[in-house]
Amino acid sequence: MNTTQLFIISIAVFLVHSVFAEDHPEECETLPSELHIIKEEFDELGRLQRTCNGDIAVNKCEGACNSQVQPSVITPSGFLKECYCCRETFLRERIITLTHCYDPDGMRLTSEKLATLEVKLKEPADCKCFKCGDFSG
C-alpha cells in the first residue's frame, strides 16, 4: 500500500467518523439515582455495636462518548485509538444521615444518640466526556 492509498483511507475514515459523530452526539449526563446504604459500626474490640441503613438520592454519570479507531503509520499496531469515557468533572462531598439504626440483635434503636448515623460520601457534581485513562480532569 503506497502513501496515496493510505492517505485516501485516512480521509475516508475521518469522514465516516465525522458523519457518525454528527449523527450520534455525545450524551454524557449527570443523572439522579437512588442508593441503599448500610453502615456497620464496631467497638474497639471489633464487636458490632449497631447497623444503620437508608435510601438516599445521589448523582451518577451516565451516557456515551464518541470514540474512534483509525489507520496510522506511526503506531506499532497500525491503528490510532481515541477512546472517550463519561465520568465526573469533580466530586462533591455530602454528609447524609441514616435514620434506621439497629442493635446487633436487630432491635430498632430509639435513643437520640444512637437512632441516627451521619456518613460522608462523594458524588458527581457534573459529568462530561474525558479521554479514557486521563484522570487529571
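This report covers the fold, the disulfides and a few single residues of a predicted model.

## Overall layout

The protein has 1 helix and 7 strands. From the N terminus on, the order is α-β-β-β-β-β-β-β. The helix therefore comes ahead of the strands in that order.

Buried residues make up 23% of the 137 residues. The protein exposes about 9,800 Å². Carbon and sulfur atoms supply 56% of that area. Now take the contacts between residues at least 6 apart in sequence: 65% of them join residues at least 24 apart.

## The disulfide pattern

How many disulfides does a search of the whole structure find? The search finds 5. Count the bonded cysteines along the chain, and the pattern reads 1-6, 2-7, 3-8, 4-9, 5-10. Three of these links are described below, beginning with C52 and C101.

## C52 to C101

A disulfide joins C52 to C101, with an S to S distance of 2.1 Å. C52 lies in strand β2 (residues 48-62), and C101 lies in strand β6 (residues 100-102), so the pair ties together parts that are 49 residues apart in sequence. The torsion about the S-S bond is about 115°, so this disulfide is right-handed.

Are the two ends buried or exposed? C52 has 0% relative accessibility and counts as buried. C101 also has 0% relative accessibility and counts as buried.

## C61 to C127

A second link joins C61 to C127, with an S to S distance of 2.0 Å. C61 lies in strand β2 and C127 in strand β7 (residues 117-131), so the pair ties together parts that are 66 residues apart in sequence. The torsion about the S-S bond of C61 and C127 is about -80°, so the disulfide is left-handed.

C61 is partly exposed, with a relative accessible area of 23%. C127 is buried, with a relative accessible area of 7%. Why do they get separate labels? Buried means under 20%, so C127 falls in that class. C61, at 23%, does not.

## C65 to C129

C65 is joined to C129 by a disulfide, S to S 2.1 Å. C65 sits in the loop between β2 and β3 (68-71), while C129 sits in strand β7. The pair links distant parts of the chain, 64 residues apart. With -90° about the S-S bond, the link is left-handed.

C65 counts as buried at 15% relative accessibility. C129 counts as buried at 16%.

## A cysteine pair that is too far apart

Which cysteine sulfur is closest to that of C83? It is the sulfur in C132, at 5.0 Å. That is too far for a bond, because a disulfide needs the sulfur atoms within 2.5 Å. C83 is partly exposed, with a relative accessible area of 36%.

## L35 and its contacts

L35 is placed in strand β1 (residues 29-42). L35 is partly exposed, at 41% relative accessible area. Which residues does L35 touch, leaving aside its neighbours within four places in sequence? L35 is in contact with G54, D55, I56 and V58.

L35 and N59 are 24 residues apart along the chain. Their C-alpha atoms are separated by 9.6 Å.

## Rings and a charge

How many aromatic pairs does a search of the whole structure find? The search finds 0. One ring does have a charge over it: the charged end of R87 sits over the ring of F130. The distance from the ring centre is 4.9 Å.

Technical notes
Residues numbered from 1 in each chain as written. Predicted model: local features only at pLDDT ≥ 70, side-chain atom pairs only at ≥ 80, totals over all residues. Heavy atoms only, no water. Phe/Tyr/Trp six-rings, centres within 6.5 Å; stacked < 30°, edge-to-face > 60°. Lys NZ or Arg CZ within 6 Å of the ring centre and 35° of its normal. Helix = DSSP H or I, 4+ residues; strand = E, 2+ residues; numbered from the N terminus. Buried < 20%, exposed > 50% of the residue type's maximum accessible area, 1.4 Å probe, protein only. Contact = heavy atoms within 4.5 Å. Areas by Shrake-Rupley, 256 points an atom, 1.4 Å probe, with all protein chains shown as cover.
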